[in-house]
Structure formats: C-alpha cells, structure tokens
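Open the model in your viewer and keep the sequence panel beside it. The stops below say what to select and what to look for.

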Amino acid sequence: MSGVRSFFAGTDPCWLTPATKQPVLRAEVSVDSADPLADTVRAELDLLRQAAGAADAAPDGVREILLCTLDRLGRTPVGRDLADAVHAAVPRAGLGAEGFVVVRRGERLVIAAGAGRGLLYGWYHLLRQAAPLAATTGADHTEAHRPACAVRMVNQWDNMAVHPVMGSVERGYAGRSFFYRDGRVVADLSRVRDYARLLASVGINALSVNNVNVHATETRLLTDHLPDLARIADVLREHGITTYLSVSYAAPIELGGLDTADPREQRVARWWAEAVERVYSAIPDLGGFVVKADSENRPGPFTYGADHADGANLLARALRPHGGTVYWRCFVYDCHQDWRDRSTDRARAAYDHFVPLDGRFDDNVVLQVKYGPLDFQVREAVSPLIGALRHTRVALELQITQEYTGQQRHICYLGPLWTEILGFDTTGAGGPTIGDIASGRAGRPTGGVVAVSNVGDDANWTGHKLAQANLFAYGRLAWDPLASPDEVLAEWARATFAVDAATLAELTALMSGSLRTYEKYTAPLGVGFMVTPHTHYGPSVNGYEYSPWGTYHFADRDGVGVDRTVASGSGYTAQYPEPLASRYEDPASCPDELLLFFHHVPYSHVLRSGRTVIQHIYDTHFDGCDEVEDLVRRWSAIADRFDAATRRNVDERLAEQLRCAREWRDQVNTYFFRMSGVPDAEGRTIHR
Ligand code: GCV
C-alpha cells in the first residue's frame, strides 16, 4: 500500500484538500485485516495523522475518531454508551456493504459500517462534512447513510492509441488520457490511484476503463494487454471500485479469426466463453463488459439479422459463470439517415429497437440508456425507454464531460440537470421517477447509474477548475438522487477552496444557475444541436441540418421545430404513457422549454410566458449573453481570493465563454431574424 501515502503528488487534490481534514488528536481504525479495504482505510487515517499537527490548533473540534466495523465495536474502548448509540443508529434495513453511521458525542466520533467499504465512504463523508460537523461541537450527532443506487459507474472514453479524429480521450476536454500512452497502459499508475481515490470519495464504485468505441488497439485489451488491465484493476480495487471493460462486438472476428460474430453460432459463443475465462483468470472480480453495438458504425448483431437480445445474451452467458454483467448501450439509431426522409425520427430509435425485446434479456444484462432520446443535450425530453422497460435491468446514462455543454471552457454546473432527470416522473401521474428506477425503489430490476467521465491529464483534472464540481456532483447524486444540487455544490465548494463563507456563497451562486444560462444562449426551446459538426463546440445553426445524423430543426420562413406528434409528425409522443403522451402531443400543454423538441410552430406562436417564440429566441439569447457578462463581473470581484492557478484558469476560460456566448447570440439571432423577418421588439442589435 505504499502508493496510497503519495496521493496527489504533483496533482490538484480537488475537494480532498488538506483544509478539509478534521481536527483530531487520536484516530483509530478497527477492521478485519482480511477486509479488502482495510489497508486503504488505515492509509487514509495515516494521511490524517500527518496533517494533525496543523489541525491540533482547533480546540473545539472532534478530538477522537474511531472507524470500526459493527462486529468489532464491542472489542474497542469506545465505551458502552457510545457503542449502544451506534447500534441504535443503524436503520432497520441495515447498512448493507456500503452504508455507514456517524455518531458523535462531544469530542468523540465513531464511524461504523458493515465492512471496510462503508468505513471508507463514511470517512470521506466526514472529510467533506468537516465544517458542518465541527459546527455541532458539543452536541450529540447521529447520521446514517446508504447509497440509493447499487451501481454508481463512470465510463472512461479513453483510447489506448490516439485516435486520428477523437484523440486520446473521445470528447475529453482536459488533456490526454492518464490511463494509456502510446498504445499501452501507462507504467506508473499513481495518477490512476489518485483518480480512484477521488472517485471513491464521492461514492463511485465501478469504472469502465476504455472508450465504448473500441478500436483495433483497445480490442486487444482482452488478450495482449490483460496483465496491464489487471494492474489497473488492482489499483481500483484498493478503493472499492470494480473494473469494467468496453469490448468490441466483433472481437471473435478481430481477435479470434472467425468469419462471423453471429450471436446464434455455437463457435461464436465458444469463443466468447474462452475469452471471458482468460479475462477472469487475470481479474477474478471484473464487473463485466460495456458494449456499444450497431451504433455509429460499430459492429453488432444486426449484421447477422439477429437482434440486441441475441447479442447482449451472448455476452451475458459467457460472463455468467464468473458473476459478470454486460452493460449494453441503447444508443442505437440510423446515423446514415437521408435528411430528405421525413419519416425517420432519430428520437424514436432506441425505444423502437428495445421495447419489443423487453423480457428477453438475461438478468445479467443491463440496458444502458442515455437520459434523452437524442444525445446529452442541455434540454431534450427524458427518454421514454427508461420508464417503458419493465422486465429488464436498466441503467441511466449521464454525461459528465461537457460535450454539448461548453466543453469545460464554459461554466456549466450540471447538477440541476441531473436532478431534473432523476426526478422526472415517467408516467406524468405519480411515478415512478427515473431516480426510483435507477435505485430499485420502483421494484423493477435495475442496473444503477452510469456517466461519462470528464477527466484527463491536465494538472487540475478537468480543464476548467470549476468543472470538478460536475464529477463531484455526479457521485453525490448517484449516491442520493434526492440530494439538493445546490447543497451538493456548496459541499463541493467548501471542501475545495480555502476561502471565507461569503466568497463561497458568491462562487456557488454564480455556478448554480450556469446551466440555464448556457441553455439561454444556445439552441432554443429544446430543439437541440445547432453546434459545429463533429467538434460540437460553438454555434453552427445549420451545421447538422442537411447531414445524415438525424438532428434537424426544420426552420423555415414561417416557423421552427420538430413535429414529433402522432397527429402530424413522427408519432414519437406515443412512446410515453398517458397522461404524458397527451401533454406532449398538444402544443398548448407541452412545457414551453420543450416546445420545439415536440412541435413545429410558427414564430408567432405565443408561449405561456406571453411572448412569441421569435421574441423568446431573441430575449433568451440577449439575456444569456448578459448573464455571462455578469458571471465575468462577479467572478472578477472575488477572483483575488483564490489561488493563482484557479484565478488564471477561470479568468482565461470565462473570457472564452463570453466570446463564444456572443457568437451563439449573434448567429442564432441573425439566423432567425433572416428567416422570419420579424424584428426584435426591443430594437437591440441583430446583425443582418
Ligand atoms: C463515444 C455521441 C458522441 C460520440 C460518442 C457517442 C456515444 O455521438 O459524439 O463521441 O461516442 O455519443 O455515446 O457512443
């Protein structure tokens, strides 16, 4: 475990800063040495002891901390009363393998859990909550926590070999991969170890380690690179993180020399069984595979006239003897669509492919579904597929990396978006919510929640220092989908920056609304895209309009938006149950912010706000830009209270955000003015 003691050598410790260390005199851990996380918990306490000199100065804090598994509580000198209080704090449903309780009596504090993993999560909870707990000095304090979602996964989109178009990390905006270099796993995994600690500190318990677009080099992770994969898994395991691997559906052809990957062929099943056997002999606790099949030119079962239940079950059956699971992505649509073909609607695709297969998937298949039917837009409808699958395990897929939300050059705190998605009522009439489904509260089979990572080898991990908040918030909301995104943001800020409370309040205030600011200056009313093709950064109103990708806005001189109604459009609204289907079908009841996602309306259509669509477009684009100017002003007023690296980083990124927001405003406003001929009611500058 020597590596554990060198955490964050030379890298930004993010929210695990020494400033968050709890002031203590004594800290002890009591956990069975056979527990896989025993050494990690002990190493964490060593870090605290190293920092204790400075912390001793705080007289009123906790002075003694004990981390202890419940079965060992009686064998520690904790005292009968405190031990009784700990047992009483355990909820009736128990703590499971990951839950923990925190019980404080005056200067003594106990974190107790069923196993080392719970102790680790309890410990990180304490680090994050140091300030609030210190504020309860002298008072009795009891809390119990258990994660809502059993699987809280992050997907790396890292390539082993730098891809000619997508680079080292697909949709990565924070430098290169720190897992791979020059087609190999890096020799020194200390940065991976730091990352594992960051992930564990917010409760992430699963990581897939390579891009879902599995190219030639990465396909060989299953064979030539297995020992290196095992080294990664060793590091992740120390932090309670299960390793998953993205695999190519065509691996039997690419690696095995077969002439087919037909899921119904015995020799294909045999090849997978043998391949999986080899992988598990290297990594006995591998979580399983993540698969992108028949999606954006990746191979899949369609080639053989088979369906996705055949394909997913093929892999699931190979994984079953080893306890593995296949996360099978539902991002399946026609990316070679003819824009002239108005009968095809990309938004329909995932539901149309997967709902008819519900009930045919093995129970170690999880269908991984993006939150929206298009692609991680700042505003789109919530996917109807998640609610519709009753007999199949489902995982919600989110995107932490800011592909469509400013690419870590814009401040865009995503917590409020995820809260909205998790809270979305899939029936419109009393649930279940997406969060209920992801957490299993809906009583349906579940696969938890997954999100695409936003880190790279930039010194601050995320390119934009403030984008660290998104990684933090994902973990916190996966643990507790009902947590308030503003409170999570405040928790992140407090743990990250050693600045006074007023500065923290101002920072979180300016970040908290940044998602809606971004929405205002980009594509209007849920219509989506309008981004520069391929890079997906900056405006290009017609960039995808005549392309094969299926993401159109259909603006003409009279109106804009995509008709997805049953009455006159693609019929997508019927994929929702009632009363949601009718609510979306009728422009009068469709929520304004999704109007152009569901309807093609005239520019003169009057929104609930009383404004016309065209005036709304102008207003939001002027407002959005003004809000970015305001962000710049507000940040400038507090910038000098932050460390130099943060100051420089945020200054530089905000300047770019403002430039880009102006470009969005002017291109979108000019485009719609030229299309509609309707002037801005307030006579502001619209370039002609
Ligand atoms: C990994 C979008 C992105 C792709 C990504 C894909 C996916 O289309 O632009 O880079 O590929 O989603 O989620 O598979």
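In what order do the eight strands of the barrel close? Select them and follow the ring: the order is β6-β11-β12-β13-β14-β15-β16-β17, with parallel pairing. From one strand to the next the twist averages 25°. Bear in mind throughout that this is a predicted model.

**One pair in the barrel**

Select residues 288–291, which are strand β13, together with residues 325–329, which are strand β14. Four bridges hold this pair in the parallel sense. To find the register, pick G288; its bridge partner in β14 is T325.

Now move into the loop between β13 and α10 (308–319) and pick N297, which is placed there. The phi angle of N297 is near 70°, a positive value in a residue other than glycine.

**The ligand**

Next, show the ligand and the 15 residues around it. Which of these residues come nearest? They are E170, K292, R329, K370 and E403.

Display side chains and check three polar contacts:

- K370: a polar side-chain atom lies 2.6 Å from an oxygen atom of the ligand.
- E403: a polar side-chain atom is also placed 2.6 Å from an oxygen atom of the ligand.
- D375: an N or O atom of the side chain is 3.1 Å from a ligand oxygen atom.

How much of the ligand does the protein bury? Taken alone, the ligand exposes 340 Å², and 97% of that is buried by the protein.

**The open sheet**

Go back towards the start of the chain and select the open sheet of five strands. Reading across, the order is β1-β2-β4-β3-β5, and the pairing is mixed. Why is one side of β1 and of β5 left without a neighbour in the sheet? β1 (26–30) and β5 (140–145) stand at the edges and each has a single partner strand, so one side of each has no neighbour there. The twist in this sheet averages 10° from one strand to the next.

At the β1 edge, add strand β2 (residues 64–69): β1 and β2 run parallel and are joined by five bridges. Pick E28 to see L66 of β2 standing opposite.

Then add the helices. Helix α2 (residues 80–89) packs on the sheet and touches β3 (100–105), β4 (108–113) and β5. The direction of α2 makes about 145° with that of β3. Helix α3 (residues 116–128) lies across β1, β2, β3, β4 and β5, and runs at about 140° to β4.

**Two annotated regions**

Colour residues 142–461, which an unreviewed UniProt entry annotates as "domain: Glycosyl hydrolase family 67 catalytic". This stretch is 27% helix and 18% strand, and its end C-alpha atoms are 34 Å apart.

Give another colour to residues 462–684, where the unreviewed UniProt entry places "domain: Glycosyl hydrolase family 67 C-terminal". Here the chain is 51% helix and 2% strand, with 37 Å between the end C-alpha atoms.

**Two cis peptide bonds**

Which residues does each cis bond join? One links G431 and P432, with omega about 5°. To reach P432, select the loop between α13 (415–422) and α14 (434–439). The other links E578 and P579, with omega about 5°. P579 sits in the loop between β18 (559–560) and α19 (580–585).

How values were computed. Residues are numbered from 1 along each chain as its sequence is written. This is a predicted model: local features need pLDDT of at least 70, side-chain atom pairs count only at pLDDT 80 or more; totals for chains, interfaces and linings use all residues. Side-chain values use heavy atoms; hydrogens and water are left out. Two strands pair if DSSP finds at least two bridges between them. Axes are lines fitted to C-alpha atoms, for helices over the stretch in contact, and angles run from 0 to 180 degrees between N-to-C directions. Contact means heavy atoms within 4.5 Å. UniProt positions are given in the numbering used here, feature names are shortened, and annotations may be inferred rather than shown by experiment. A residue is near a molecule or strand if one of its heavy atoms lies within 4 Å of it. A polar contact is a pair of N or O atoms within 3.5 Å; within protein, one must be able to donate a hydrogen and the other to accept it, and residues adjacent in sequence count only if both atoms are side-chain atoms. Accessible areas come from the Shrake-Rupley method with a 1.4 Å probe; for residues, only the protein chains shown count as cover.
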